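User: I am in my first year and would like a close look at a single part of this protein. Please take one pair of strands and then show me what surrounds it.

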Amino acid sequence: DEIIFKKLSGTTFTDQQSVTFGEAATANTNVLFGAGKASKGDLTISDGFTLDMVRKAKTIAKTGIFGTTTKWRMRPMMINGKPYYGCALHPYQVYDLQGNQQWEQAMREAQVRGNENPLFTGALAMWNGVIFYEHDKVLTGSDAGTGSLTYADALFFGLQAGIWAEAQQAADWIEKLFDFDDQYAVATGMMFGFDKTMFNSFDFSVIKLETYAANPGV
């Protein structure tokens, strides 16, 4: 999960020893910042996640026009014959969104549709044809604003936002006991790769929504 979210957010995956896994990530070409700001450095504590960002992202996805640049339309996910997009948010962004009056009204008036479909399982909500998901591996950082503001990178996506390849499927689940059966160990592994889909040097089906996001308990 962490590799997927980092790659879709344009961040190279490294382990605790700063060793790179796979190829270096490519920077995102489609980025929206909170409250319409021009860059991460312009974000303030007032620029949390809102439904207006999702509405703008969906318009970009449907028209293929990002600002003054014409790219291509993002393919939606077809579920029961209807088009949908997805949006993965960090829990801190969900906290900001749920405190928004526009969100509260939308949830009161929303109708449950297609909740028997497996693609909706675990979804936070659905609004305007966008399925919302909450995940703690959505990328976060603390160098926004003047250099110390915390933020999160929600991901608005359509079909084929990323590519997954397996060179070798996961091995059998192996369990062993060591040190006179006092130490227990489990091992498994696989060879795989994942990357953000691009076409003609532009992101194919993902828009990064970068907003102020902080732990509400601090």
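In what sense do strand β8 and strand β9 pair, and over how many bridges?

Analyst: This is a predicted model, and what follows should be read as such. Strand β8 covers residues 140-144 and strand β9 covers residues 149-157; the two pair in the antiparallel sense, over three bridges. To place one of these partners on the screen, start at Thr140, whose bridge partner in β9 is Ala152. The two strands form a hairpin, with four residues between them. In the turn, look for Gly145, which has a positive phi of about 60°.

Now move along β9 to Asp153. This residue forms a salt bridge with Lys208, and the closest N and O atoms of the pair are 3.8 Å apart. The salt bridge links distant parts of the chain, since Asp153 is in strand β9 while Lys208 is in strand β16 (residues 206-212), 55 residues apart. Asp153 and Lys208 are both buried. Glu210 belongs to the picture as well: salt bridges that share partners join Asp153, Lys208 and Glu210 into one network.

The structure holds eight salt bridges, and two others can be set beside the one in β9. One of them is between Lys7 and Asp195, with the closest N and O atoms 4.0 Å apart. Lys7 lies in helix α1 (residues 2-8) and Asp195 in strand β13 (residues 191-196), so this salt bridge ties together parts that are 188 residues apart in sequence. Lys7 is buried, because its relative accessible area is 4%, under the cut-off of 20%. Asp195 has a relative accessible area of 25% and is therefore partly exposed.

The other joins Lys37 and Asp47, and here the closest N and O atoms are 2.7 Å apart. Lys37 and Asp47 are both in the loop between β1 (31-33) and α2 (51-63), ten residues apart. Lys37 counts as partly exposed because its relative accessibility is 27%. Asp47, with a relative accessible area of 3%, is buried.

Buried residues can also be followed along a helix. In helix α3 (residues 91-98), Gln93, Val94 and Leu97 are buried. These residues cover an arc of only 105° around the axis, so they are on the same side of α3. The general rule is that an α-helix has 3.6 residues a turn, so residues three or four places apart point the same way.

For a contrast, turn to the surface. Trp173, Leu177, Tyr184 and Val186 form a nonpolar patch there, and together they have about 460 Å² of accessible area. One of them, Val186, is found in strand β12 (residues 183-187). Val186 counts as partly exposed because its relative accessibility is 36%.

Last, the setting of the hairpin. The protein has four helices and 16 strands, and 37% of its 218 residues count as buried. Its C-alpha atoms fill a box of roughly 60 × 45 × 40 Å, taken along the principal axes. Among contacts with a separation of 6 or more, 68% come from residues 24 or more positions apart; the salt bridge between Asp153 and Lys208 likewise links distant parts of the chain. The accessible surface of the protein comes to about 12800 Å², and carbon and sulfur atoms account for 52% of this area.

Notes: Residues numbered from 1 in each chain as written. Predicted model: local features only at pLDDT ≥ 70, side-chain atom pairs only at ≥ 80, totals over all residues. Heavy atoms only, no water. Buried < 20%, exposed > 50% of the residue type's maximum accessible area, 1.4 Å probe, protein only. Arc of directions from axis to C-beta. Patch = residues over 30% accessible without salt bridge, like charges linked within 9 Å, V, L, I, M, F, W, Y side chains within 5 Å. Areas by Shrake-Rupley, 256 points an atom, 1.4 Å probe, with all protein chains shown as cover. Salt bridge = Lys/Arg side-chain N within 4 Å of Asp/Glu carboxyl O. Pairing = 2+ DSSP bridges. Contact = heavy atoms within 4.5 Å.
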